[in-house]
Amino acid sequence: MSTKVSDHILERLRDWGVEQVFSYPGDGINGLLAAWGRAEDQPRFIQARHEEMAAFEAVGYAKFSGRLGVCVATSGPGAVHLLNGLYDAKLDHVPVLAIVGQTNRTAMGGSYQQEIDLHTLFKDVASDFLETVTVPEQLPNVIDRAIRTAYARRAPTAIIVPADVQQLDYSPPTHDFKMVPSSLGMSDYTATPTDEALQRAAEVLNAGDKPAILIGQGAAGAVAEVQEIAELLGAGVAKALLGKDVLSDELPYVTGPIGLLGSRPSYELMRDCDTLLTIGSSFPYTQFMPGFGKARGVQIDIDPHMVGMRYPYEVNLVGDAKATLRRLIPLLERDRGGREWRDTVCANVERWHETMDRRAGLTADPVNPEYVARALDPLLPDNAILTSDSGSVANWYARHITMRPGMRGSLSGTLATMGPGVPYAIGAKFAHPDRPVIALVGDGAMQMNGLAEMITAAKYRDRWSDSRLVVGVWNNQDLNQVTWEMRAMEGAPQFLPSQSIPDVQYAAFARSLGLTGIRVEKPEDVESAWRAALDADGPALVEFLTDPAVPPIPPHASWEQMEATAASILKGDADRGSMIRQGLKAKVQEFLPGREKEE
């Protein structure tokens, strides 16, 4: 039997070490589906409930494995559905390959069913590599380049294969004019800056008295080096959310997250420092970085297109974080005198932890959402993987989850899209089937697509040697982050037609799938519910009825701003239980993050 183009595509994926592909079937990829049958499901076909979820699962797999994530979709609507997940990969710099079907070549240009101009559709999201296969001889080069580019650029790439091309007999490129042969594999490589650039960076860092370090996901391979340079400089270390799992939160000088979802000590670190070293991060919120002219800066990033942004750095070092730091560290001064700055940073961190304990312990109606995350924190296994969805739940993930060595965590960082919490977790389970995975999800994102992907979790539970996949749902019947943004930024009351969502029986839905489902309506049941879910034999969902009136206050918010927000609520919000109580203003003030009233 002859080898078809579709057979060769799967064979080439296997040669690149691809073990699973996230997809949803459709007739535009019938040739590939038939090839999967002939290949005895190698690489494994993982059936999501929706193509967007397949893309998110590929992103989650790539984030937590460091390997290529692959998703496949049919022509037309299937291709369109991939876009949000692929943009998530693009903005968070994740290697993902999308293989997409297209109508037969004979029908192209004829306004045929499901015919879409896929090059126009994908030209931005897959701008690093996008190609249509029209003849068998284009393979394997197109696949090889798409995969190498995805790895090298840390970006999504896309291959379009018309349905009739999938069915053609495969013939390799020949040794002829206008043929492009190819070969498998690519070696590891390390980029480092010049000696001159490193010396200039050392001069800036050696001159500082109050150094701060900001790390992102690009520092993940340089944990020991980041710790060494932080100790050497006496610096505090703040973390962009994509770098939350890079460095342990148990280190006394780690100030935690930065930005709108950040911590007070990270805000103070940036406000008061005189030197800033940024490693592997393109954190976008300039207002949370030192004031212009107040600090000298050095940036390290492997991508030359991403350096020099966000802050007026004096030295921009293009190179791998680990290799660059290893060469930079010997140039730094060993004896830097007093440690008053480091002591101040550590004291700020300790006070913040006390504040977070206090906030989590405050009463709410019915359950304090901060307590839900705080109660989970000490129960997490040392090898746990966490995913967080967007929304107010990301605040509680950022501020209450203590990353320890060996733990992993991520969320949609730059796109900040709703919906990836559960599919990320599924992708993580396929990347690490022997590790427990916990997804933290708001009820809005759960209704958007998380419920459907619980079906996927149920479908594949037997594929994972450690079958624990715990989904925690914060059920407050409010699209809470936007509600609070409207109040704090627009001075507008809650607009119920847009913000109020139904009270869905999430736990009951999980039980209908044969999974563990627990509904928590009282604070005294929170910890035991988490324990039961973590001890369950298979996927589990725990829904917590939480108070939407607990504000996700940004770390820089002043007392006056919070008083104005509370006044806005009391003036305009429609009657909604706890949200209209005259005590709400006091509640907002009670939850202020860790300082006395500002005069």
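Strand E11 and strand E12, residues 315-318, pair in the parallel sense over four bridges. Within that pairing, glutamine 299 has asparagine 316 of E12 as its bridge partner. I should say at once that what we are looking at is a predicted model. E11 has a further parallel pairing, with strand E10, residues 275-279, and five bridges join those two strands. There, threonine 275 is matched with arginine 296 of E11. How much of E11 is covered? Strand E11 runs from residue 296 to residue 301, and five of its six residues are buried. As a general reminder, strands of a sheet pair through backbone hydrogen bonds, in either the parallel or the antiparallel sense.

Let me turn to another sheet. This is an open sheet of six strands with parallel pairing, and the order across it is E2-E1-E3-E4-E6-E5. Which strands stand at the edges? They are E2 and E5; each has a single partner strand, so one side of each is left without a neighbour in the sheet. On average, neighbouring strands of this sheet are turned by 25° against each other, with direction ignored.

At one edge, strand E1, residues 20-23, pairs with strand E2, residues 44-47, in the parallel sense over four bridges. Phenylalanine 22 has isoleucine 46 in E2 as its bridge partner. Between these two strands the chain passes through helix H2, residues 30-38, and this β-α-β crossover is right-handed. At the other edge, E5 and E6 run parallel and are joined by three bridges. Here threonine 132 is bridged to isoleucine 160 of E6.

The loops around these elements deserve a few words on backbone geometry. Aspartate 41 lies in the loop between H2 and E2. Its phi is near 60°, a positive value in a residue other than glycine. Is aspartate 41 buried or partly exposed? With a relative accessible area of 25%, aspartate 41 is partly exposed. Arginine 154, in the loop between H6 and strand E6, residues 156-162, also has a positive phi, of about 50°, although it is not a glycine. Arginine 154 is partly exposed, at a relative accessible area of 26%.

There are cis peptide bonds to point out as well. One runs from leucine 139 to proline 140, with omega near 10°. Proline 140 sits in the loop between strand E5, residues 130-132, and helix H6, residues 141-153. Another cis bond runs from aspartate 365 to proline 366, with omega near 0°. Proline 366 belongs to the loop between helix H12, residues 340-360, and helix H13, residues 369-376.

I now come to the aromatic side chains. A pair of aromatic rings is described by the distance of the centres and the angle of the planes. How many aromatic pairs does the structure hold? The structure holds 13. One of them joins tryptophan 36 and phenylalanine 45 in an edge-to-face arrangement, with 5.0 Å centre to centre and 85° between the planes. Tryptophan 36 is buried, at 5% relative accessibility, and phenylalanine 45 is buried too, at 16%. In the pair of tyrosine 311 and tyrosine 313, the ring centres are 5.7 Å apart and the planes stand at 65°, so this pair is edge-to-face. Tyrosine 311 and tyrosine 313 are both buried.

Ring pairs also link Phe22, Tyr61, Phe430, Tyr460 and Trp464 into a cluster. Phenylalanine 22 therefore enters this account in two ways: it belongs to that ring cluster, and its bridge partner in E2 is isoleucine 46. A ring can also be approached by a charge: the charged end of lysine 244 sits over the ring of tyrosine 397, 5.5 Å from its centre.

My final example is asparagine 476. Where is this residue placed? Asparagine 476 is in the loop between strand E16, residues 469-475, and helix H17, residues 480-490. Despite its loop position, asparagine 476 is buried, with a relative accessible area of 7%. A polar atom of its side chain lies 3.0 Å from the backbone nitrogen of aspartate 478.

Methods:
Residues numbered from 1 in each chain as written. Predicted model: local features only at pLDDT ≥ 70, side-chain atom pairs only at ≥ 80, totals over all residues. Heavy atoms only, no water. Buried < 20%, exposed > 50% of the residue type's maximum accessible area, 1.4 Å probe, protein only. Polar contact = N/O pair within 3.5 Å; in protein donor to acceptor, adjacent residues only side chain to side chain. Pairing = 2+ DSSP bridges. Right-handed = clockwise from strand over helix to strand, strands pointing away. Phe/Tyr/Trp six-rings, centres within 6.5 Å; stacked < 30°, edge-to-face > 60°. Lys NZ or Arg CZ within 6 Å of the ring centre and 35° of its normal. Axes fitted to C-alpha atoms, helices over the stretch in contact; angles between N-to-C directions.
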